[in-house]
Amino acid sequence: MALAGMAFAAGGRISQAAPRILVHKDPNCGCCSGWVEHVRSAGFDTHLNELSDLAPIKSRLAVPPALSSCHTAEVDGYVIEGHVPASAIRRLLAERPSATGLAVPGMPAGSPGMEVPGTPDEAYDVVLFGPTWQKVYARYEGTRESKLHL
């Protein structure tokens, strides 16, 4: 009986193993470390590749320059660029769209890793992207998904 990717939970039930996420980040970036903690606390099996020049990684993974942010991650065949909320990553992994990945361009205040006490959360888009296209996948304020009004 093949149980690859499965783990036994308390009580003998079988549950999905935590998704493995490889995060490429600058070792001196505090907001990147905050995002790593966000996905780790959301149950992702988090691994780090710390380096100061991320340009070769972004190029290899085909991250469009307009969507570029401060860190890049890989999870189950998808690219995650920037401060994407863990709930959006989980949705991506459940829906499995034909795409390169998800991105949150820039560094919106209140997004995971960009929390600033006393500063209101900005509304921002999570962008689903492929080799030649981009579309809004979800809209958030902080880590809360909001209604998409397009």
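The following paragraphs lead through the nonpolar interior of this structure and then turn to its cysteines. The model is a predicted one, and residue numbers run from 1 along the chain as the sequence is written.

The largest nonpolar core has 25 residues, and those with the most contacts inside it are Ile21, Trp35, Ile80, Ile89, Leu102 and Val126. Several elements give two or more residues to this core, among them strand S3 (20-25), helix H1 (30-41), helix H3 (86-95) and strand S7 (101-104), and the list also includes strand S5 (72-75), strand S6 (78-82), strand S8 (123-129) and strand S9 (134-141). The largest share, 5 residues, comes from H3.

Isoleucine 89 gives a closer view of this packing: leaving aside residues up to four places away in sequence, isoleucine 89 touches Ile21, Trp35, Val39, Phe44, Val75, Ile80, Val84 and Leu102. Besides the largest core there is a second, separate core of 8 residues, which includes Ile57, Leu61, Val79 and Val127.

The cysteines raise a separate point, for the structure holds 0 disulfides. A disulfide is a covalent bond between the sulfur atoms of two cysteines. The sulfur of cysteine 29 has its closest cysteine sulfur in cysteine 32, at 3.0 Å, and because a disulfide is counted within 2.5 Å, this separation is too far for a bond. For cysteine 31 the closest cysteine sulfur is that of cysteine 29, at 3.4 Å, which is likewise too far for a bond. Cysteine 29 counts as buried at 17% relative accessibility, and cysteine 31 is buried too, with a relative accessible area of 12%.

Conventions. This is a predicted model: local features need pLDDT of at least 70, side-chain atom pairs count only at pLDDT 80 or more; totals for chains, interfaces and linings use all residues. Side-chain values use heavy atoms; hydrogens and water are left out. Buried means under 20% relative accessible area, exposed over 50%, partly exposed in between (1.4 Å probe, protein chains only). A nonpolar core is a set of buried Ala, Val, Leu, Ile, Met, Phe, Trp, Tyr and Cys residues joined through side-chain atoms within 4.5 Å. Helices (H or I, at least four residues) and strands (E, at least two) are DSSP runs, numbered from the N terminus. Contact means heavy atoms within 4.5 Å.
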